[in-house]
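Here are a few exercises to work through with the model open on your screen. Try each task before you read its solution.

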Amino acid sequence: FKQPESSHHGDCPICCLPLPIDNDKSTLMSCCCKLICDGCDCANVRREVREKLDRKCPFCRHPVPKSEEEFKRNILRRIKANDPVAIRQMGGYCNQEGDYDGAIEYFKKAAGLGDLGAHYELTVMYRNRHGVEKDKKKEVYHLEKAAIGGEPFARHNLGVIENENGRPDRAVKHWIIAAKLG
């Protein structure tokens, strides 16, 4: 039961403050696949409006996509560069469209590159039997990988599994760590 030093999202590459756990308070930039806190994104937009500049990524200064197609083209470019965040993002698109086989393939590749979100998404796929047979061992394996990396929802779900297996003492430890993670 080791607790990581910071959030599983890491730090904002602009201000170096920890990124919030709530995904709605940060922005994924498709050009570089960096998560930027909303504070830095807002400050950048205000500066661009004030100086009458075109909208650009605050990290890499690449123009912000103007359409969903352009966003996906940027993601595909990042996938070619083996970016695990972009690969997981594409897995999410496949999952939303019902292409579970494609989603599993993308999530497995991103998880192999060390993406915690992909490990967590794989647990959901194995639990809900989306594109794969229900496999409790693989579900728990990916859940443990994500939890060890600091994913709070994975840590919580490990507690639920421990409780279901009759180990409430271990479950409570997982839940305490999950609560501390946010």
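**Exercise 1. A charge and a ring**

Find the ring over which the charged end of lysine 72 sits.

Solution. Keep in mind that this is a predicted model. Start at lysine 72 and follow its side chain to the charged end, which lies over the ring of tyrosine 93. Next, check the distance to the centre of that ring: it is 4.7 Å. The cut-off for such a contact is 6 Å from the ring centre, so the distance of 4.7 Å satisfies it.

Now turn to rings alone: how many aromatic pairs does the structure hold? The count is 0.

**Exercise 2. The overall plan**

Work out the order of strands and helices along the chain.

Solution. Begin with the totals, which are 8 helices and 2 strands. Then read along the sequence, and the pattern comes out as β-β-α-α-α-α-α-α-α-α. To frame the view, note that the C-alpha atoms fill a box of roughly 60 × 35 × 20 Å along the principal axes.

**Exercise 3. The hairpin**

Decide whether strands E1 and E2 pair in the parallel or antiparallel sense, and identify bridge partners.

Solution. Locate E1 at residues 26–29 and E2 at residues 34–37; they pair in the antiparallel sense, over 4 bridges. Serine 26 has cysteine 37 in E2 as its bridge partner, while methionine 29 stands opposite lysine 34. Finally, look at the turn: 4 residues lie between the two strands of this hairpin, and cysteine 33 there has a positive phi of about 55°.

**Exercise 4. Two helices in contact**

Describe how helix H4 meets helix H5.

Solution. Two packed helices are described by the angle between their axes and the distance between the axes. For H4 (residues 100–112) and H5 (residues 116–128), the axes come within 8 Å and cross at roughly 145°. The crossing is left-handed. Now list residues in contact: H4 contributes, among them, Tyr100, Ile104 and Phe107, and H5 contributes residues including Leu122, Met125 and Tyr126. Sorted by character, the contact residues are 10 nonpolar, 1 polar and 2 charged.

Terms used. Residues are numbered from 1 along each chain as its sequence is written. This is a predicted model: local features need pLDDT of at least 70, side-chain atom pairs count only at pLDDT 80 or more; totals for chains, interfaces and linings use all residues. Side-chain values use heavy atoms; hydrogens and water are left out. Two strands pair if DSSP finds at least two bridges between them. Rings of Phe, Tyr and Trp (its six-membered ring) pair if their centres lie within 6.5 Å; planes under 30 degrees apart count as stacked, over 60 as edge-to-face and the rest as tilted. A charge sits over a ring if NZ of Lys or CZ of Arg is within 6 Å of the ring centre and within 35 degrees of the ring normal. Axes are lines fitted to C-alpha atoms, for helices over the stretch in contact, and angles run from 0 to 180 degrees between N-to-C directions. A crossing is left-handed if the near helix is turned anticlockwise from the far one by less than a right angle, and right-handed if clockwise. Contact means heavy atoms within 4.5 Å. Ala, Val, Leu, Ile, Met, Phe, Trp, Tyr, Cys and Pro count as nonpolar, Asp, Glu, Lys and Arg as charged, and the others, Gly among them, as polar.
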